[in-house]
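Morning, everyone. Please bring up the model on your screens, and we'll walk through it helix by helix.

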Amino acid sequence: MLLILTMCIGTFLCMLDTTVMNIALPAIQTSMNVPLDQLSWALNIYTITFAVLTIPLARLADIFGRNKVYLLGLLTFAIGSFVSGDANIPATLIVGRGIQSIGAAIIFPTSMTIAIASTSQEKRKTALLTIGLTQGLASTLGPTIGGVVTEFLGWRWVFYINLPLLLIAFIAVIMQLPLRHEPRINAKIDFGGMLLLMVTLFSLTLSLTQATDWGWTSKRIIGLAVLTVIAFIAFVFLESRVKSPMVRLDLFADRQFSGAALTVILAGLLLIAVMVIMPTFFTQVQGKTELIAALLITPASFMIFVMSPIAGNIIEHYGPRLIITLGFLSMAAGYGVLGFMNPDRYWQTLIGLVLLGAGYGVIIGPITVLAASDFEGEKLTASQSVMGVLRQIGSVLAVAIFVSLLTSNINTAKTTAWHDARNRIEQTSLSQTTKQKMLTVTHQHFTSNGAKTSGHHSNGISQ
């Protein structure tokens, strides 16, 4: 059990850092005194690199020894965390996040396979449920932890806080796992499959993360989409013919694994979308502080923590289909509440978050068990690597689609409000000079502070 908890530390930090930085961005922007768009790649580089390198690096871990490579992953993640926390310019922060993501791409799949390989068949379900719960909690707690740490310690500690935990994990691995005579898989590296997979995932994630800025119908996005399709077709063709494929396509012949793969993308998309959108809504639209925004979305994380172990224990009695169906119904109900709620009544938001978190918690426990199926050895490692990539794709899809929608809706609302304000000012009996002054101040209000609704700004229009 101690080894499983050790693996959970690495898994927790990898998934935590996919979302922990989001809510700290305004503080980082102020500290570095740069436009927000210069920091966007500090987020994108982590997601893209994580998704692109997870499967290749997991394969290399099998060949050279999981335990030694896992330690290398912890060390790499620690270096990236230090560089990120010590950054004074966006370029340094982006480099640090890139190094972090390389470490995460090693730690995430390898921690799962080490934990499973080190437990008996009877305890395998417990190991899977524990690590699955850790993954779900880390993703949802990211904004909360980021908000609290930024408020009380400063944004740099969003990264520095990783260091003592990584040191504990490093020492624990050395004490518990053999490093000299560990088992290895004698297989060749599929360089062709590795290259095609990296091109496929890079072009896919880049197009999704940049679609809002570049435009969904721009030549660059369309070109990346075409490249994704071509590279993916070539990858499937190659992998079906090589002896040691980068991704074992026979995994998807298992209906249980295929269902789990689709479910993990959809569930991740639905959860991460809300956990990214709601803090942005609270801070940018309602004018709340990062700490308050982080605390307001915590109920979703709490429900995941409560429901995951319950779902894992009752799956044998009621079957995975019923449990997962109930989870998706709960998430759908949560979206329904959030879609029609009055945002000024937090209790309505609370109901939506509770339903969403409960639904995801019900899904994530069983789905982690189902994804492992009855696989052993190399096939088990391959299954966990693929699931790790699919989780990242779900997160990227969520950010790309929902942030695009939020940005579009906010811009539409600001345009409508500006036209309304202009019409009202023109209809007054004030002098033309006063009208022009009011129009100028109003326009500055919209463009300078995001048209927040908190009403605490001194540049508003007086009576």
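Leaving aside its neighbours within four places in sequence, which residues is Thr 144 in contact with? The answer is Ala 294, Ile 297 and Thr 298. Keep in mind that this is a predicted model. Thr 144 itself sits in helix 6, residues 124-152. Its relative accessible area is 8%, so Thr 144 is buried.

Stay with helix 6, and bring in helix 1. The axes of helix 1 and helix 6 are 8 Å apart, and the two pack at an angle of about 35 degrees. The crossing of this pair is right-handed. From helix 1, the residues that take part are Ile 4, Met 7, Cys 8, Thr 11, Phe 12, Met 15 and Leu 16. On the helix 6 side they meet a set that includes Ala 127, Thr 130, Ile 131, Gln 135, Gly 142 and Ile 145. By class, that contact of helix 1 with helix 6 has eleven nonpolar residues, six polar and no charged.

Now the other partner of helix 1. Helix 1 covers residues 2-16, and helix 8 covers residues 162-176. How do the axes of helix 1 and helix 8 cross, and at roughly what angle? They come within 10 Å and cross at roughly 145 degrees. The crossing of helix 1 and helix 8 is left-handed. Helix 1 brings Leu 2, Leu 3, Thr 6, Met 7, Ile 9 and Leu 13. Among the helix 8 residues they meet are Asn 162, Leu 165, Leu 166, Ala 169, Val 173 and Gln 176. The residues of this contact divide into eleven nonpolar, three polar and no charged.

Met 7 is listed in the contact with helix 6. Met 7 is also listed in the contact with helix 8. Which residues have the most contacts inside the largest nonpolar core? Met 7 and Leu 93, in a core of 109 residues. Helix 11, residues 255-285, gives the largest share of this core, with 16 residues. There is also a second, separate core of five residues, and Trp 418, Ile 425, Leu 439 and Phe 446 are among them.

Take Leu 93 a bit further. Beyond four places in sequence, Leu 93 is in contact with Met 21, Ile 28, Met 32, Leu 39, Ala 42, Ser 84, Ala 87 and Phe 159.

Next, Gly 96. Gly 96 is in helix 5, residues 90-117. Buried or exposed? Gly 96 is buried, because its relative accessible area is 0% and the cut-off for buried is under 20%. Leaving out residues within four places in sequence, Gly 96 is in contact with Gly 80, Val 83 and Ser 84. Ser 84 is a contact of Leu 93 too. For a distance check, Gly 96 and Pro 35 are 61 residues apart in sequence and 19 Å apart in space, C-alpha to C-alpha.

Another glycine, Gly 365, lies in helix 15, residues 346-372. Gly 365 has 1% relative accessibility, so it counts as buried. Past four places in sequence, the contacts of Gly 365 are Leu 129 and Ser 308. Leu 129 is 236 residues from Gly 365 along the chain, yet their C-alpha atoms are separated by 5.4 Å.

One more threonine. Thr 228 is found in helix 10, residues 219-239. At 11% relative accessibility, Thr 228 is counted as buried. Not counting residues up to four places away in sequence, Thr 228 touches Thr 200, Ser 203 and Leu 204.

Last topic, aromatics. How many aromatic pairs does a search of the whole structure find? Seven. Look at Trp 157 and Tyr 160. Their ring centres are 5.5 Å apart and their planes are at 80 degrees, so the pair is edge-to-face. Trp 157 and Tyr 160 are three residues apart in helix 7, so about one helical turn separates them. Their exposure is worth a look. Trp 157 is partly exposed, at 41% relative accessible area, whereas Tyr 160 is buried, at 17%. Elsewhere, Tyr 46, Phe 50 and Phe 108 form one aromatic cluster.

That's the tour. Questions, please.

Methods. Residues are numbered from 1 along each chain as its sequence is written. This is a predicted model: local features need pLDDT of at least 70, side-chain atom pairs count only at pLDDT 80 or more; totals for chains, interfaces and linings use all residues. Side-chain values use heavy atoms; hydrogens and water are left out. Axes are lines fitted to C-alpha atoms, for helices over the stretch in contact, and angles run from 0 to 180 degrees between N-to-C directions. Helices (H or I, at least four residues) and strands (E, at least two) are DSSP runs, numbered from the N terminus. A crossing is left-handed if the near helix is turned anticlockwise from the far one by less than a right angle, and right-handed if clockwise. Contact means heavy atoms within 4.5 Å. Ala, Val, Leu, Ile, Met, Phe, Trp, Tyr, Cys and Pro count as nonpolar, Asp, Glu, Lys and Arg as charged, and the others, Gly among them, as polar. A nonpolar core is a set of buried Ala, Val, Leu, Ile, Met, Phe, Trp, Tyr and Cys residues joined through side-chain atoms within 4.5 Å. Buried means under 20% relative accessible area, exposed over 50%, partly exposed in between (1.4 Å probe, protein chains only). Rings of Phe, Tyr and Trp (its six-membered ring) pair if their centres lie within 6.5 Å; planes under 30 degrees apart count as stacked, over 60 as edge-to-face and the rest as tilted.
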